[in-house]
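Please open the structure in the viewer and keep the sequence panel visible. The tour moves from the whole chain to individual residues.

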Amino acid sequence: MKYLFPILFLIPIALFGQITGKVTDEAGSDLSYVNIYLENTYTGTTSNDDGNYRLEVTDNGIYTIVFQFLGYTTVKKNVTVNTFPFELNITMRESAVSLKEVIIDVSEDPAYRIIRETIARRKENLDRISSFTADFYSRGIWRVDSVPKKIFGQEVGDFDGALDSTRTGIIYLSETISKIAYQKPNNFKERIIASKVSGNDNGFSFNSAQEANFSFYENSIDLNAAIVSPIAVNALGYYRYRLDGVFYEGSKLINKIIVTPKRPNDRVWTGTIYIVEDDWQLYGVELTTDGTAIQVPFIKALVFKQNFSFDTKEQAWIKRSQTIDFSFGFFGFNGDGRFIAVYSDYNFHPEFDKNSFGNEVLYFEPEANKKDSVFWEDTRPVQLTTEETTDYVRKDSLQEKRRSKVYMDSVDAKNNRFHLLDVLTGYAYKNSFERWELSYDAPLPAVNFNTVQGWNGKAGISYYEWYDENRTQWLYTNLQAQFGIAEDRLRWKGTVTKNFNRVNRLQLSAFGGNEVRQFNHSEPISPFMNTVTSLFFERNYMKVYELEYGGLAWRQELFNGFRTDLSVSYQNRKPLFNNTDYVTLPNDRVDYTSNNPLAPDDFSNAVIEEHHLIKTQFSARITFGQKYMTYPDGKFNINDAEYPTLTLEVENGMGANSSKYNFTQLRAQLQQELDLGNAGAFSYNITGGTFVHGDNISFVDFQHFNGNQTRIGGGSNYTNVFNLLPYYALSTNGNYFEGHAEHNFKGWILGRIPGINRLNFNLVVGGHMLHTEDRKPYSEVSVGLDNIGWGKYRLFRLDYVNSFYEGNHFGAFIFGLKFLGIFD
């Protein structure tokens, strides 16, 4: 009963100054997301999942209300409103589409003529509206069904009380109200007036107008992969079309066209598009794609619906609403959801000035998430469903309970239970009410082998404390111990980091300890992979030294797009030698090499001598044209592929026991990933540098390059690795330049080949080049297949790589494991 009181209290408020009702079909079934608006205005709403609607009208008078829904005959109702609330229920009937008025060409379906006309005017329609402002409303909901209690032995939890006894429920419900502004070609600004998240009155919605801005007049829709629009310039190469019939919207003839793919597994849609004759503009779309097409395997289906209405002044069909329905499933999770977007109060002739737009694309007003229920009931253009109303009320009540000390302590008591296996797998003790957590990092997940330490493992203790609910300020400390059996040596290291805010993300750190570190600090071979190659193939690729150190670090974004890192440390470097020749599967053709990367057969002499150094490292990361969103509690940067990222670095070493170790290295890196629409993605990474006074420096301070001798690749792309280069063969203390480029066609080529397109593989080509002082250039070219796997699990990649150096060339296959990093 307690849930009823807030609802009853809001009923008179919700009905004030409104026309309300229900929209059904002729069978009495609810019609959801029907466009409902006052004729010749942008005052409107849509019906909700239950078919209910509420149209804001402030004055008594005579109105013409339009009800528009794809596949149904538009209804215009003249009403005289003398008192509020005014109830108007509507029954809509399916459009009677006909081919009687269509001239049939036996050689070709009439749809092709319509599609060609629309494609010819695609660019004109895309550019028709050069600027506008509008009101925007969005709502998103995610549901899950029968969620398992554990995945891989780990507790899933109840999503903060969202799941019922059958482990089913709404895990995300949120809505926003905002003002948006747009100007060609890509200026956009959104000011969020109100934001609401079910069960979290301090939360902020992730819904935004820019993220919902999909136009089928573009050649492709970017949904992880670029999905070709049915009216793209090259659409006739991807789709078949069939005219299902025509109907009239007033005096306008609307063509209903069925769209189907020419080939399976292409990056395409299937469904229906509605095109206005003579205007050659979209009247509506109802199109479906799936996880195979967008290469997100756990997505079962994505259904896009867009509705347009005619603006007589602009002579254009304007988008009024959009719904995106989706379903998903992975690891026992199954669910669905919907995001709706409603546009109103358009102004197509705004007066913008030079200050109207900038790099800030979204801004939350300070009290945006503090609006009460009265505001929302009076303002939201689309009524909540019964399910959504219940979820808000239940979680609002539950939220207070879950914030109480009694409740938090009870949940912590359950989660803090210690089990015997935690000694090997790890353990965490959390005090949610006082906002701190103490963790024990167990040795088992990090047990590895190398020929210096032998079998080795590490364990540690971490302390994490946060000072506000959204964790904008926090303190993290960690102490870790590592023991190597073969060398019978225990080493310690620790760090303390304080994060001050989420605006410029100022961080201060102190660190120190003793550890075994690879000469190449980028760790081109992981401890896990080195364990495998050493024990089973007798190839100990990892080369290491001992580092004793202590230092301080500072990180901060000084201004938008300019992030800096500075660290100063005192270092003592010592050589290390092999201490074991143990191998699980001996290989008579090879033997372990020494720990000297320049002299693999010299087991007596090290590549470095013990030395002390004061090391300073400074980097500035410049992201050109960086867009960002401003929340009341922080700033969130947006990755924009339109511009590259430039990183400038200065590394300085000052020998504490000998001046011969003094050096300065200057380094610059430029990298970018370009989205080429349905042609795929092109990535490049260019780096160049030089040493000043680096003739006699330690091998530790050389510039090393990421090689690979394992024939196993890792990561999503290879723009930072030479897959056939020995790890330290071309390390340098002189001038250097390296460049990597890779193009992933994402189905643009293989998707056109019958039979092969069913595999849903991606063709990938790459080129890599390295030039170091006083050496001839080294280069690699590669061709491969990405997105290899089965069903939802596309975790592999296979490339053939050819290397060229000093007149010789060598080729080999590289088998890629995209998940490799989870073992390190």
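Helices and strands in this tour are DSSP runs, numbered from the N terminus, with a strand needing at least two residues. The model is predicted.

**The whole chain**

Begin with the entire protein chain selected and coloured by secondary structure. Nine helices and 44 strands appear. The radius of gyration is 31 Å, close to the 28 Å that the globule rule gives for 824 residues, so the chain is as compact as a globular protein of that length. Turn the C-alpha trace along its principal axes, and its span is about 100 × 70 × 55 Å.

Next, colour by accessibility. Buried residues account for 50% of the 824 residues. The chain exposes about 38800 Å², of which carbon and sulfur atoms supply 55%. Among contacts between residues at least 6 apart in sequence, 61% join residues at least 24 apart. Selecting the charged side chains brings up 82 positive and 98 negative ones, and the centres of these two sets lie 2 Å apart.

**Aromatic rings**

Now show the rings; the structure holds 55 aromatic pairs. Select F247 and Y283, an edge-to-face pair with 5.9 Å from centre to centre and 75° between the planes. F247 belongs to strand β16 (residues 239-249) and Y283 to strand β19 (residues 281-289), so the pair ties together parts that are 36 residues apart in sequence. Are F247 and Y283 buried or exposed? Both are buried.

Continue to a group of rings by selecting Y42, F132, F136, Y182, Y343, Y346 and F348. Ring pairs link these residues into a cluster.

**Two cis peptide bonds**

Most peptide bonds are trans. Select F84 and P85 for an exception: the bond from F84 to P85 is cis, with omega near 0°. P85 sits in the loop between β6 (75-81) and β7 (86-87).

Then move to K184 and P185, where the peptide bond is again cis, with omega near 0°. The loop holding P185 runs between β12 (169-183) and β13 (187-197).

**Two residues with positive phi**

Most residues other than glycine have a negative phi. Select N40, whose phi is positive, near 65°. This residue lies in the loop between β2 (35-38) and β3 (44-46). What is the relative accessibility of N40? The value is 66%, and N40 therefore counts as exposed, the cut-off for that class being over 50%.

Go on to R505, which is not a glycine and has a positive phi of about 50°. Its place is the loop between β29 (489-499) and β30 (507-518). With 28% relative accessibility, R505 counts as partly exposed, a class that falls between the 20% and 50% limits.

**A buried serine**

Finish at S309, in strand β20 (residues 299-311). Its relative accessibility is 3%, so S309 counts as buried. Which residues does S309 touch, leaving aside those up to four places away in sequence? They are Y37, Q68, A316, W317, I318 and R320. For a last view, select S309 together with K196: these residues are 113 apart along the chain, and their C-alpha atoms are separated by 29 Å.

Methods
Residues are numbered from 1 along each chain as its sequence is written. This is a predicted model: local features need pLDDT of at least 70, side-chain atom pairs count only at pLDDT 80 or more; totals for chains, interfaces and linings use all residues. Side-chain values use heavy atoms; hydrogens and water are left out. Helices (H or I, at least four residues) and strands (E, at least two) are DSSP runs, numbered from the N terminus. The radius of gyration is taken over C-alpha atoms; the globule rule is 2.2 Å times the number of residues to the power 0.38. Buried means under 20% relative accessible area, exposed over 50%, partly exposed in between (1.4 Å probe, protein chains only). Contact means heavy atoms within 4.5 Å. Accessible areas come from the Shrake-Rupley method with a 1.4 Å probe; for residues, only the protein chains shown count as cover. Lys and Arg count as positive and Asp and Glu as negative; His and the chain ends are not counted. The place of a charge is taken as NZ of Lys, CZ of Arg, CG of Asp or CD of Glu. Rings of Phe, Tyr and Trp (its six-membered ring) pair if their centres lie within 6.5 Å; planes under 30 degrees apart count as stacked, over 60 as edge-to-face and the rest as tilted.
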